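Reader: I should like a close look at the cysteines of this model and at the sheet surroundings to which they lead. Please give one connected account.

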Amino acid sequence: MERNMFCYQCQETAGCKGCTVSGVCGKKPLTAKLQDMLVYTTKCLSKVTTSMRDKGIEVSDYINRMVSENLFVTITNANFDDEAIKNRVYKTIDEVNSLVDKSGLDASLKLSFANDDEIIEESGKVGVLSTENEDIRSLREMIIYGLKGMSAYLKHANALGKDSEDINAFLQSTLAKTLDDSLSGDELTALALETGKFGVAVMELLDTANTTAYGNPEITKVNIGVRNNPAILISGHDLKDLEMLLEQTEGTGVDVYTHSEMLPAHYYPAFKKYSHFVGNYGNAWWKQKEEFESFNGPILLTTNCLVPPAESYKDRVYTTGAVGFAGCKHIEGKVGEKKDFSEIIEHAKRLPAPTEIETGEIIGGFAHNQVLALADKIVDAVKTGAIKKFVVMAGCDGRSKSRDYYTEFAKALPKDAVILTAGCAKYKYNKLDLGDIGGIPRVLDAGQCNDSYSLAVIALKLKEVFGLEDINDLPIVYNIAWYEQKAVIVLLALLHLGVKNIHLGPTLPAFLSPNVAKVLVENFGIGGITNVEDDIKMFFGN
């Protein structure tokens, strides 16, 4: 069969090999090619900015944000709007050429494409498969996907006024190095681990940004029912967008509900003052086609994960930031600007209240500050044997039937095991009512995938409390579900921290070549999953 595209950056890639006809995510071949070109031109821009820094020339915030936002646009399920992506490609080319001239750099760094046809033709020469050596390709792509995840965290921190020149410089210099054919496999492996080091740094930066702006998350019960008012559903991850929406809907009679990865917003003290911030509607991102339908009101997508919308509710979908879909209204607004949500608010007023799909409450808010406040209680539970092990079940959810494994695994856990989670993977088990151990819930939700830093802080603190020299001596096992590129930077961050024996599922990444996978297995104990019964025995013994 003729290859129309090639993409294997997400877990659901076709046949666990690569999407070649059309993306499982809904991405069309043209979109894939434009995204390939956006990544390539952003690599070229990064090569220019790295040369500028080498000459002592300052790189502007505008350019730093262009790099991170360009990468964010190419994350799985973020942007399907060909015109928007193409415009970014042209803007990036213009900036490359302008910076080369202004900075007196080598003219060979310039880019030249006469028209759209040349852009599309070039995409076939610079995409994933343009790296012929399978192992070099695997390492390059793992680094690039880690940088994509890093760019998402960086963008959220930027939105709250936090930035880091060190992180921007590393991100750009590393992206530029993926163009360097002289780098060996060993050098790229070291670069991947260094990417993990900066992954920890960017997650810490975002954690500081979130908690400085909105306070430390606290234990919170979140309503999953509905009220009889018109409403807006906000999905994605961007807390600044939520803050602006809550400010502009206050007193309008329009309620606001969170969806999927926005659920943890309810844990922040700053948002609890809004009486119209009602609760969470629905589940993980992949159920949005049925849940957006029944919500009845407009939906605001602030980041990935957008599923191409059905025509029946497409006119109710609004996008902002890195997200885009042709035919959906895009709400503009750069970092630091106040966005105008008046159109979506007026739209909500004309529509009926959400249809109730479930009732009750779910509990969360166990980020590092809250868990450390319970440290004495948790340590006592471990010392007395009430808690035998913690199981990190963080990461992503997805639509494949094989992911039911995580629900069944949670149900089968020994009663003295506690789940530590972050990300939308929690929707596989956060409504199971697994009970508690001495008042400590058996599912401790630290928040979004963006909040995975909390799990690292908790592990490091427990290591300190128990006086251990090696983080791997803790009673913690790792059974992580992954889907997209933010999970890659979390994995690299954990490897940098020295965590070993991490199990990934439901499949290992398709971008891992056999040799690269072998290195990860031999040096870090990376493994896959099998079935619930055997894996319970592997993690907990007989």
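**Cysteines, sheets and cores**

Author: In this predicted model, the number of disulfides comes to zero. Two cysteines illustrate the result. The sulfur of C19 has its closest cysteine sulfur in C10, at 6.2 Å, which is too far for a bond because a disulfide requires the two sulfur atoms to lie within 2.5 Å. C19 is buried, its relative accessible area being 4%. For C305, the closest cysteine sulfur belongs to C424, and the separation of 6.2 Å is again too far for a bond. C305 is likewise buried, with a relative accessible area of 9%.

C424 also appears in the surroundings of another cysteine, C396. In an unreviewed entry, UniProt lists C396 under "modified residue: Cysteine persulfide". C396 is placed in the loop between β9 and α13. Its relative accessibility is 8%, so C396 counts as buried, the limit being under 20%. Apart from neighbours within four places in sequence, C396 is in contact with R403, C424, A425, A481, W482, Y483, E484 and A487.

The two elements that flank this loop lead to a sheet. β9 belongs to an open sheet of five strands, ordered β13-β10-β9-β14-β15, with parallel pairing. The edges are taken by β13 (443-445) and β15 (502-505); each has a single partner strand, so one side of each is left without a neighbour in the sheet. On average, neighbouring strands of this sheet are turned by 20° against each other, direction ignored. A481, one of the contacts of C396, lies in strand β14 (residues 476-481), which pairs with β15 in the parallel sense over four bridges. Within this pair, Y478 stands opposite I502 of β15. Helix α13 (residues 404-412), on the other side of the loop, lies across β9 (389-392), β10 (417-421), β14 and β15, and runs at about 155° to β14.

The nonpolar cores connect this region with other parts of the chain. The largest core has 146 residues, and those with the most contacts inside it are M142, M150, L242, F271, I344, F390 and I502. Helix α5 (residues 134-159) gives the most to this core, namely 12 residues. A second, separate core has 19 residues, including I419, A425, V443 and I536. A425 is thus a member of the second core and also a contact of C396.

F271 leads from the largest core to a further sheet. Not counting residues up to four places away in sequence, F271 touches Y214, L239, L242, E243, L246, A265 and F277. F277 stands opposite V256 in the pairing with β4. Three bridges join strand β3 (residues 255-258) to β4, and the two run parallel. Both are part of an open sheet of six strands in the order β4-β3-β2-β5-β6-β7, with parallel pairing. Its edge strands are β4 (277-280) and β7 (329-331), each pairing on one side only. From one strand to the next, the twist averages 25°.

Two helices accompany this sheet. Helix α8 (residues 239-249) lies across β2 (231-235), β3, β4, β5 (299-301) and β6 (317-320), running at about 170° to β2. Helix α9 (residues 288-295) packs on the sheet as well, where it touches β2, β3 and β5, and its direction makes about 160° with that of β2.

Notes. Residues are numbered from 1 along each chain as its sequence is written. This is a predicted model: local features need pLDDT of at least 70, side-chain atom pairs count only at pLDDT 80 or more; totals for chains, interfaces and linings use all residues. Side-chain values use heavy atoms; hydrogens and water are left out. Two strands pair if DSSP finds at least two bridges between them. Axes are lines fitted to C-alpha atoms, for helices over the stretch in contact, and angles run from 0 to 180 degrees between N-to-C directions. Contact means heavy atoms within 4.5 Å. UniProt positions are given in the numbering used here, feature names are shortened, and annotations may be inferred rather than shown by experiment. Buried means under 20% relative accessible area, exposed over 50%, partly exposed in between (1.4 Å probe, protein chains only). A nonpolar core is a set of buried Ala, Val, Leu, Ile, Met, Phe, Trp, Tyr and Cys residues joined through side-chain atoms within 4.5 Å.
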